[in-house]
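Here's a quick tour of the empty spaces in this structure, pockets to begin with and cavities after that. Have a look at the model, then read on.

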Amino acid sequence: MTNKKIGFIGMGLMGIPMTKRLLNAGYEVMVWNRSIEKCIEPQAQGAIVATDLAEIVQQNDIIMTCLTDTNAIEAVVFSEEFIQSSTPDKVLIDFSSIDPERTKNFAAKLVELTGMSWIDCPMSGGVAGAESGSLVMMAGGDGEIINSLRPILENLAQRITHMGNVGSGQATKVCNQMIVSCNILIMAEVLALAEKSGIESQKIPTALAGGFADSLPFQLTGQRMVNKEFDELKWHVKTLAKDLDLAAAMVKANSGDTPISSLAQNLMHQYCDEGYADLDPANLIKVYSD
């Protein structure tokens, strides 16, 4: 049994499989979620369910968070329960995909109020990566702390790259999501066009595998698009819209110009408004199939 106690806040699509992997690796894990029913599955696997935020912060050495957005992280981490229970010997690892600049501010504020270190460690690989432990993580923060956490994180990820100071992990994730989001949209267009053209679209992921048009999202989500496998929820369209909003803010702050990503941002929000927000992105092929 490892000697570091872990508290995991956020039992969503990613948090649950990540918690299971930590439990299987021998860690003692305490979990907390606003909706307590989401703790049932990890509890059945051996996780301890915290009664409140104070308990999970007090009782654990490492606090992991994986929440929906920047405001959710702020609400949890700077709640009275969390702050009053934090001490300088504890570490916060935030796996959420949130605003890079606000992450820097949050980290500075947390150190000022409690002395607790902040590591931003967003990830890519989706639910499949969380289940298999093959995520890729992009970490920002103190390099020595990140290195000390590698034995834990290596149970979750195939690779952990230290990108620089706090906030640099989040900035890297924004770049990742710009590529992923644009890729998803063009996949939906192409596969719908293939169907309309009389091509056996189910063969396209196999036909293009290993070529310049190939990618992991294409093999996973693209295959689900052509097979009409829409029901299983791997991620959300609204998450891509949120991440493209972060990209737009990052571009504005750096006086950049990203017309393709800006178009993708507008389209993602349009499709959210049309009822796709809470659906898996595989459903986006429907937009172009009519």
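**Pockets and cavities at a glance**

The lining of the largest pocket is a mix: 22 of its residues are nonpolar, 18 are polar and 9 are charged. Keep in mind that this is a predicted model. Besides the pockets, there are 2 cavities of 30 Å³ or more to look at.

**The largest pocket**

- This pocket holds about 1,400 Å³ of space.
- Its lining is made up of 49 residues, and the ones nearest the centre are Leu 13, Met 14, Lys 234, Trp 235 and Thr 239.
- Several elements give two or more residues to this lining, including strand E7 (123-124), strand E8 (135-140), helix H4 (70-77) and helix H7 (126-132).
- Helix H9 (168-196), helix H11 (216-226) and helix H12 (237-253) are also among them.
- H9 is the top contributor here, with 6 residues.

**The second largest pocket**

- The volume of the second largest pocket is about 160 Å³.
- Among the residues lining it are Asp 99, Pro 100, Glu 101, Lys 104, Gly 167 and Ser 168, along with Leu 246, Met 250 and Asn 254.
- Helix H6 (100-114), H9 and H12 each chip in at least two residues, and H12 has the largest share with 4.
- Sorted by class, this lining comes out at 6 nonpolar, 3 polar and 3 charged residues.

**The largest cavity**

- The largest cavity has about 40 Å³ of space inside.
- Around it sit Met 178, Leu 244, Ala 247, Ala 248, Val 251, Thr 258, Ser 261, Ser 262 and Gln 265.
- H12 and helix H13 (259-276) are the elements that give two or more residues to this lining, and H12 gives the most, with 4.
- No charged residues line this cavity; the lining has 5 nonpolar and 4 polar ones.

**The second largest cavity**

- The second largest cavity comes in at about 30 Å³.
- You'll find Ser 97, Ile 98, Gln 170, Lys 173, Val 174, Gln 177, Asp 243 and Leu 246 lining it.
- H9 and H12 both supply at least two residues, with the largest share, 4 residues, coming from H9.
- This lining splits into 3 nonpolar, 3 polar and 2 charged residues.

**Names that come back**

- Leu 246 lines the second largest pocket and also the second largest cavity.
- H9 gives the most residues to the lining of the largest pocket, and H9 also has the largest share in the second largest cavity.
- H12 leads in the second largest pocket and in the largest cavity.

Technical notes
Residues are numbered from 1 along each chain as its sequence is written. This is a predicted model: local features need pLDDT of at least 70, side-chain atom pairs count only at pLDDT 80 or more; totals for chains, interfaces and linings use all residues. Side-chain values use heavy atoms; hydrogens and water are left out. On a 1 Å grid over the protein atoms alone, a cavity is a set of points where a 1.4 Å probe fits but cannot get out, and a pocket is an open set with protein on both sides within 12 Å along at least five of seven lines; lining residues have an atom within 4 Å of a point. Grid points are joined across faces, edges and corners, and a volume is the space filled by probe spheres set on the points. Ala, Val, Leu, Ile, Met, Phe, Trp, Tyr, Cys and Pro count as nonpolar, Asp, Glu, Lys and Arg as charged, and the others, Gly among them, as polar.
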